[in-house]
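Please brief me on this structure. Keep the points short and group them by topic.

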There are 2 protein chains.
Amino acid sequence: MVVITMATNQLLTESSILRMKNFNRELKFSRDWYPCKWLPMTLLNGRVNTQLQVGTLPCRKGALVVSPRISLPSTTLDLLEAFDDEYGGVIIDPGCLPSSSNAFVRLLRDSLSNWKLNRKRGIWLKILSEQSDLVPIAIKEGFNYHHAEPGYVMLTYWIPDEPSMLPDSPSHQIGVGGFVINEHKEVLVVKERQCPFHCSGIWKLPTGYINKSEEIFSGVVREVQEETGIETTFLEMIAFRHAHNMAFEKSDLFFVCMLKALSSDITIDEKEIEAAKWMPLDEFVGQEFYQDDHMLKKAIDICVATYENRYSGFIADQLISKLDGNLSYLYYNGLNKV
Amino acid sequence: MVVITMATNQLLTESSILRMKNFNRELKFSRDWYPCKWLPMTLLNGRVNTQLQVGTLPCRKGALVVSPRISLPSTTLDLLEAFDDEYGGVIIDPGCLPSSSNAFVRLLRDSLSNWKLNRKRGIWLKILSEQSDLVPIAIKEGFNYHHAEPGYVMLTYWIPDEPSMLPDSPSHQIGVGGFVINEHKEVLVVKERQCPFHCSGIWKLPTGYINKSEEIFSGVVREVQEETGIETTFLEMIAFRHAHNMAFEKSDLFFVCMLKALSSDITIDEKEIEAAKWMPLDEFVGQEFYQDDHMLKKAIDICVATYENRYSGFIADQLISKLDGNLSYLYYNGLNKV
């Protein structure tokens, strides 16, 4: 085992991990440890048992090529600092990009020539907001946008003379809607403030988008609570719709969930919701708008069938996988004995 | 009804539709007609019945404010051309951005002052790859990245003195895996070429990501066909896993589908697949790797239970919705009578 010790005043960043991964060995590290100040690591081949002082891993102008004996760098070409990925590609370190445009264009051109010579495949270049002067330079050198988020834009360059095999950018938003029915056979419904013309005036289920890294079953409970103040627990995911060409021409998966009410007093979120109430099931189902809409009618029929124990959807079951070492949720029909 | 006729030599672009939507009336148009040369449109209030010659809708420096009588523009401020969205925000027309950086910075500052005065909320600025010189200017004026795709980057600016209510960028990739079993009780399995260390040597189900705007049930049939040459039809989606912190720190929904084989001769895609074969079910299930992995073992147990008619998942049913006027698929338990 190799234990890599970091200076105690140094936060472990993504780029320093990438630099460590460049030691030409497969280093395994757990996401749980990151960011942290002390990072135990295991060499997967299991043949080395030593201590390695990484120190501050400063940015250097030049390719960091560490010899197999983890001594001094054996090569220092005047290139952008970058690391190989698992697919024959290269990830440029955003923490080590030069601030001068002239230096960047020279290093980028030399690096691209070097990667082409070495038959590299996809090149990944993450540019932070504060480095935005570099974006037009990279675009002019042949990079293309891949995806972006507040704080950065990711660009890619595909070297081989064949169609790009780089993965697409994320394609879907995940929406959730909660069907909550109380002991008086009343459904929890809302009127949204900013409903487009075709649904204005309609009493509908509370809905929303899940947050980053949020589970479907907890996202729907949160949305119902935020919009109406009603506390619930998740019972089942009973159906979902897959729609395309939504916002930004992307797609949308919308999960309808059966929830159990734990409270009854409604407090609306006045920013998003105009009104909320408990509506008798028959009145809710009978709204003309739903009767005319095949998709919504079917979804509501499924909600009612679930309520009447004539239907079973999917439960959420937390399981661990060796593949990524993480716990995640598997949704499946819990009624069947598997 | 208002019929808007376009010059026959003019392709209808997204920006010209946006400009038309700015007539301060709600215009309805079908995606099917776009792009086209003649575009019938209906005014939703139903009070107007006339013909409107739109002509070429050229880019103009100035806010295009068309009077309610659809005569000449009633205001021409020296601002970026932009259109109101349904949420109190503004969408800047990427087709009408100036090419000069100096002109852009002046127009952007004046426009932002104007929108602030007019209490606008979210500002959307799409910058095409060929306009990348404008990206650092917009960032320095306070815009932030929202999302990007090959060809463009989208930036946003939130005006109100409260947390942003703009939607997040797409958050999920959609993966699919196909469980195909033949009449000899053999499962279709593959060995992937670029499998990370922890799954190398494992015989697994054919998997992949769905394409842009592709359905889950057709994406899984395509992936199986591409990787193994085996033709199939979709029977059921039987379970899905929701995992986080995957590529680019985004999330991932992976749908396991039961497929019916329509052919038996395997032809592998040598770029992605090292080997593929029909493997006896008992041998497949008995692989040590699966027995040790709670998530994979559960998924495979569900596949076997589906094969043995002890389990039912979700079918895909195409339905139309009035909400967006589109056909899309609802996935639900088809075994229950709803």
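A:Ser213 sits in the loop that links β15 (207–209) to α4 (216–228) of chain A. The model is predicted. This briefing starts with backbone angles in two loops, then turns to chain A overall, an open sheet and the cavities.

**Positive phi in loops**

- Most residues other than glycine have a negative phi.
- A:Ser213 is not glycine, yet its phi is positive, near 65 degrees.
- The relative accessible area of A:Ser213 is 30%. Buried means under 20% and exposed means over 50%, so A:Ser213 counts as partly exposed.
- A:Lys185 is another residue other than glycine with a positive phi, here near 60 degrees.
- The loop that holds A:Lys185 runs between β13 (172–180) and β14 (186–192) of chain A.
- A:Lys185 has a relative accessible area of 38%, so it is partly exposed by the cut-offs of 20% and 50%.

**Chain A overall**

- Chain A contains seven helices and 20 strands.
- Chain A has 338 residues, and 53% of them count as buried.
- Take the contacts in chain A between residues at least 6 apart in sequence: 59% of these join residues at least 24 apart.
- The exposed area of chain A is about 15800 Å². Carbon and sulfur atoms supply 50% of that area.

**The open sheet**

- Five strands of chain A make up an open sheet, in the order β8-β9-β10-β12-β11. Its pairing is mixed.
- The edges are β8 (82–84) and β11 (144–149) of chain A. Each has a single partner strand, so one side of each has no neighbour in the sheet.
- From one strand to the next, the twist averages 20 degrees.
- At the β8 edge, β8(A) pairs with β9 (residues 90–92) of chain A. The sense is antiparallel, over three bridges.
- A:Phe83 lies opposite A:Ile91 of β9(A).

**Strand β12 and its partners**

- Which strand is largely enclosed by the rest of the structure? It is β12 (residues 152–158) of chain A, because seven of its seven residues are buried.
- A:Tyr152, A:Met154, A:Thr156 and A:Trp158 point one way from β12(A). A:Val153, A:Leu155 and A:Tyr157 point the other way. Residues in both sets are buried.
- β12(A) runs antiparallel to β10 (residues 122–128) of chain A, with seven bridges joining the two.
- A:Lys126 has A:Met154 in β12(A) as its bridge partner.
- β12(A) also runs antiparallel to β11(A), here with five bridges.
- A:Asn144 has A:Thr156 in β12(A) as its bridge partner.
- β11(A) and β12(A) form a hairpin with two residues between the strands. In this hairpin, A:Gly151 adopts a positive phi near 110 degrees.

**Cavities**

- How many cavities of 30 Å³ or more does a search of the whole structure find? The search finds five.
- The largest cavity holds about 70 Å³ of space.
- Its lining draws on chains A and B. From chain A come A:His147, A:Ala148, A:Ser169, A:Pro170 and A:Lys250. From chain B come B:His147, B:Ala148, B:Ser169, B:Pro170 and B:Lys250.
- β11 of chain A and β11 (144–149) of chain B are the elements that give two or more residues to this lining.
- In chain A, β11 is also an edge strand of the open sheet.

Methods
Residues are numbered from 1 along each chain as its sequence is written. Chains are lettered from A and ligands numbered from 1 in the order in which they are written. This is a predicted model: local features need pLDDT of at least 70, side-chain atom pairs count only at pLDDT 80 or more; totals for chains, interfaces and linings use all residues. Side-chain values use heavy atoms; hydrogens and water are left out. Two strands pair if DSSP finds at least two bridges between them. Helices (H or I, at least four residues) and strands (E, at least two) are DSSP runs, numbered from the N terminus. Axes are lines fitted to C-alpha atoms, for helices over the stretch in contact, and angles run from 0 to 180 degrees between N-to-C directions. Buried means under 20% relative accessible area, exposed over 50%, partly exposed in between (1.4 Å probe, protein chains only). Contact means heavy atoms within 4.5 Å. Accessible areas come from the Shrake-Rupley method with a 1.4 Å probe; for residues, only the protein chains shown count as cover. On a 1 Å grid over the protein atoms alone, a cavity is a set of points where a 1.4 Å probe fits but cannot get out, and a pocket is an open set with protein on both sides within 12 Å along at least five of seven lines; lining residues have an atom within 4 Å of a point. Grid points are joined across faces, edges and corners, and a volume is the space filled by probe spheres set on the points.
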